Amino acid sequence: MKKTSFLSKQADSLQPSGIRRFFDLAAQMEDVISLGVGEPDFVTPWSFIEHSFHALEQGYTSYTENAGMLDLREEISNYLLGSFGVNYDAEKEIIVTVGASQAIDLALRATVNPGEEVLVVEPGFVAYVPTVSLAGGTPVTIQTRPEDDFKLTPELLEAAITPRTKAIILCNPNNPTGAALTGNELVKVAEVVEKHDLLVLSDEIYAELTYEDVHTSFPAIKNMKERTVLISGFSKAFAMTGWRLGYATGPEEIIQTMVKIHQFTMMCAPTIAQHAALEAMKNGKSSVDYMIKSYEQRRNFIVSSLNEMGLSCPNPGGAFYAFPSIRETGLSSADFAEELLQEEQVAVVPGNVFGESGEGFVRCSYATSLKQLDEAMRRIKRFVDRRI
Amino acid sequence: MQEQEVELLQLIEKNANLEPSKIAKLMAVSEEEVRELLRSLEEKKAILGYSTLIDWAKVVQKEEVTAMVDVKVQPARGSGFDKVAERIYRFPEVKAVYLMSGAYDLSVSVEGKTMMEIGRFISEKLSALDSVLSTTTHFVLKRYKHDGIILDDEDDNDKRMVVTP
Ligand SMILES: Cc1ncc(COP(=O)(O)O)c(C=O)c1O
């Protein structure tokens, strides 16, 4: 008989995501309108799908180069230059990954030593803290504040830095708050970063989905390119979550080290997805622009609806999330989400699963059809009217 | 201003039933501004009407027959194809008329209750016009997509999980 647990201490000590628990709850119910989904409601544009059929017919079913097809890296290079004014060498400074998720994991494993601290801005994407731990680093969270619209300030950053701080993960625009730092705000953050010689993992997977200011890519800021790994992918703006395709760009030394790990642990990103992405890069603009415009309209709709019913919600600058305060109801985030689900069959995600400063807020994804969004707002209003 | 007009038109092009109050929220403008925009667009005939796309077969046993008729015509001196086209598009049976490049001149879409009825219209009215030289009639057997809308799109339900990061 087996006497001990076979699990590694580290894996065993990872906290399961709070999202998971809520998913189990919501999945059992019927007729749920979900504003809990962190992915587009649009199906991948047909031309990308059709292009992947063509590639399959042509017999592109084998591995690609470890770093991804060179054609695709060249297209990504052109795209980043054209869209955000950042210039990366397709041969040496770009790696195609299995989603931005793998890019984050690789970047951390390539750079973090045991005992080094990595700053994680919260409320933030749920994967950062565990991936830092798995890479052997020590995650240190920075709690952004509602009075700053959940934007990272130079003061908050400065206060979190210790002699052991190695890197910071920045997500701009942010999941779950939709906060998007402007170019000027990023420059102020960059000054602190440079002063303390930090590495930056800049997760810009929502870069295309900005509605107020044009997105400033972190490596485009003076002196930042040499210390930034830019992480992005096809999941959000290109509506390709299930294809599992992302990429990272950065200094050759770091990217090539990521390629080395990738070569042993993944071989390459899915070939068929790379072909679809090639079409997305070359001819995707009009489909993507259409989706962005739809998100912007729905954002306007959901933000004004939430404010009208008494849930205060600042206008998020990017991504597809509204992050209203639910404090007026007197409920905790978890109770609000759970009772709303039970009473009105609308799923939202409690803000505290994204970090402690998310308590008192819920995440509502507006990557949802207008019809569903309209009905969800009616139901939430009914729920809130019973509480306020 | 023009940008707003375009945005408004794109919204109601897909759904003429969208209330001004909702349009106002989507565009982040006031309801009064939406009504004003609609008024001015109607006035300058950018908005010509608000029609509804109906799948009649779902409600009544009414068989609609549609034919696409390729028409070769003799253009008239001075007015080209326009006068002939007008003679044709004035018939209520005619739902659409386009001037085409290629093998024939006018593409005419005709609707009727039966093939017989359409046949009668073509032989007695359309072909009988002096300037019409010949017609070739194609009956529509099945509509898959109409005006950008896929009919009987059974598989358009949400395939996402209810909660994801
Ligand atoms: C901020 C952020 N980064 C990364 C990801 C992961 O995306 P991918 O599908 O490319 O792995 C997500 C997905 O929810 C996200 O919100």
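## Around the ligand

Helix 5 of chain A, covering residues 99-111, gives the most to the shell around the ligand, with 3 residues. Keep in mind while you look around that this is a predicted model. In total, 14 residues surround the ligand, and the closest are A100(A), S101(A), D203(A), S235(A) and K236(A). By type, the shell divides into 7 nonpolar, 4 polar and 3 charged residues. As for its place in the assembly, the ligand lies between chains A and B.

## Polar pairs and cover

Three side chains of chain A are worth a look here. S101(A), one of the closest residues, has a side-chain N or O atom 2.6 Å from an oxygen atom of the ligand. The side chain of N175(A) also places an N or O atom by a ligand oxygen, at 2.8 Å. For D203(A), the partner is a nitrogen atom of the ligand, which lies 2.6 Å from a polar side-chain atom of this residue. How much of the ligand's accessible area does the protein cover? On its own the ligand has 400 Å² of accessible area, and the protein covers 95% of that.

## Two cis peptide bonds in one loop

N175(A) is also worth a second visit for its backbone. A cis peptide bond joins N175(A) to P176(A), with omega about 20°. Another cis bond runs from N172(A) to P173(A), with omega near -10°. Where does P173(A) sit? It is found in the loop between strand 5 (165-171) and helix 8 (183-195) of chain A, and P176(A) has its place in the loop between strand 5 and helix 8 too. For context, most peptide bonds are trans.

So that loop brings together a side chain paired with the ligand, that of N175(A), and the cis bond that follows N175(A).

## The domains of chain A

The domain assignment splits chain A into domain 1, made of residues 9-44 and 286-385, and domain 2, residues 46-284. Their C-alpha centres lie 24 Å apart. Domain 1 of chain A brings 37 residues to the contact between the two, and domain 2 of chain A brings 38.

About 3,000 Å² is buried between these domains of chain A, and carbon and sulfur atoms give 62% of it. Which three residues of domain 1 supply more of its buried area than any other three? They are T44(A), F354(A) and S357(A), with 22% of the area that domain 1 of chain A buries against domain 2 of chain A.

## Chain B and its contact with chain A

Chain B is divided into domain 1, residues 2-43, and domain 2, residues 60-142. The C-alpha centres of these two domains are 35 Å apart.

Turning to the interface between the chains, 30 residues of chain A and 15 residues of chain B take part in the contact. Together the chains bury about 1,900 Å², 60% of it on carbon and sulfur atoms. On the chain B side, K25(B), R160(B) and P165(B) lose the most area to chain A, together 37% of what that side buries.

One backbone detail in chain B is easy to find: A28(B) is in the loop between helix 2 (20-27) and helix 3 (31-43). Phi of A28(B) is near 55°, a positive value in a residue other than glycine. Most residues other than glycine have a negative phi.

Terms used: Residues are numbered from 1 along each chain as its sequence is written. Chains are lettered from A and ligands numbered from 1 in the order in which they are written. This is a predicted model: local features need pLDDT of at least 70, side-chain atom pairs count only at pLDDT 80 or more; totals for chains, interfaces and linings use all residues. Side-chain values use heavy atoms; hydrogens and water are left out. Domain bounds come from an automatic or database domain assignment. A residue is near a molecule or strand if one of its heavy atoms lies within 4 Å of it. A polar contact is a pair of N or O atoms within 3.5 Å; within protein, one must be able to donate a hydrogen and the other to accept it, and residues adjacent in sequence count only if both atoms are side-chain atoms. Accessible areas come from the Shrake-Rupley method with a 1.4 Å probe; for residues, only the protein chains shown count as cover. Helices (H or I, at least four residues) and strands (E, at least two) are DSSP runs, numbered from the N terminus. Ala, Val, Leu, Ile, Met, Phe, Trp, Tyr, Cys and Pro count as nonpolar, Asp, Glu, Lys and Arg as charged, and the others, Gly among them, as polar. Contact means heavy atoms within 4.5 Å. Buried area is the accessible area (1.4 Å probe) that two parts lose on being put together, summed over both.
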